[in-house]
Amino acid sequence: MAKSKPTRRPTTTKRAAPKPAARSASSPAKKSAPKATNSCWRAASGGPSLRIGHGWDLHRLEPIAPAGPGRPLVIGGIKLEEPGFDRGPVARSDGDVLLHAVTDALLGALGMPDIGQLFPDTDERHEGQDSRLFVTAAVERVTRAGYRIVNLDTTVVLQRPKIGPVKERIRMNLAKMLGVGADRVNIKGKTHERVDAVGESRAVEAHAVVIMERA
Ligand SMILES: [Zn+2]
């Protein structure tokens with residue numbers, strides 16, 4: 001539609017006149033500009049010495065089956081339980097909010113499609129899927145792109161149960177999945193001050209930031 005307008009109006013010839021000038025002015029910049037960076041493998045393999053990635057995820061918490069659609073609450077590959085707390089994530093996979101955020105951070109650093117695009121939750125093959133598979137798949141892409149992980153920092157936002165008692169186990173789990181020492185992985189737990197969906201235990205949230213360097 002935009003192309004058809006100038007042909008209808010002769011006056012657009014005059015209006016169009018400044019455009020070539022603008023284009024020629026920008027042409028030197030075009031020459032020095034890098035090639036398209038949305039091609040995953042080329043961008044990653046020919047990219048900078050350091051790359052940073054951010055991931056975020058949230059899952060609704062519902063009563064655990066058979067009382068509701070929730071799954072057992074698993075965070076960082078560790079099952080969390082607390083007497084009197086019977087809510088878990090609603091998800092196609094196992095709903096591991098932290099591993100999903102970590103996967104997106106890894107993929108994001110590489111400039112690749114996110115976890116939802118690579119592993120659609122509409123795909124029945126991922127029913128109840130152990131989310132460690134997603135992290136492993138992302139780590140494989142990091143390696144293939146010629147990078148290695150420097151460190152990962154994460155925050156899990158959850159009102160109940162407290163993740164403090166299992167933080168170290170989650171950290172060890174993640175370090176193993178990423179193929180790095182535990183000193184390269186950090187897990188922080190926060191509540192949501194009992195406000196909003198997360199604070200009312202109707203949702204769980206996780207953030208992850210990763211830095212990687214050329215291998
Ligand atoms: Zn998720």
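Buried residues account for 34% of the 215 residues in the chain, as judged from a predicted model. The chain contains nine helices and seven strands. Among contacts with a separation of 6 or more, 73% link residues that are 24 or more positions apart.

Five of the strands form an open sheet, in which the order is E4-E1-E7-E5-E6 and the pairing is mixed. The edges are occupied by strand E4 (87–89) and strand E6 (185–190); each has a single partner strand, so one side of each is left without a neighbour in the sheet. On average, and with direction ignored, neighbouring strands of this sheet are turned by 20° against each other. Within the sheet, strand E5 (residues 147–157) and strand E7 (residues 203–214) run antiparallel and are joined by ten bridges. One residue pair illustrates this connection: Asn151 has Ile211 in E7 as its bridge partner.

Helix H5 packs on the sheet, where it touches strand E1 (50–63) as well as E4, E5 and E7. The direction of H5 makes about 155° with that of E1. Helix H5 comprises 13 residues (residues 97–109), and the distance from its first C-alpha to its last is 18 Å, close to the 18 Å expected at 1.5 Å a residue. Burial extends along the helix: 13 of the 13 residues of H5 are buried, and the helix is therefore largely enclosed by the rest of the structure. Just after H5, Gly111 adopts a positive phi of about 70°.

Conventions. Residues numbered from 1 in each chain as written. Predicted model: local features only at pLDDT ≥ 70, side-chain atom pairs only at ≥ 80, totals over all residues. Helix = DSSP H or I, 4+ residues; strand = E, 2+ residues; numbered from the N terminus. Buried ≥ 20, exposed ≤ 12 C-beta atoms within 10 Å, placed from the backbone. Contact = placed C-beta atoms within 7 Å. Expected span 1.5 Å × (residues − 1). Pairing = 2+ DSSP bridges. Axes fitted to C-alpha atoms, helices over the stretch in contact; angles between N-to-C directions.
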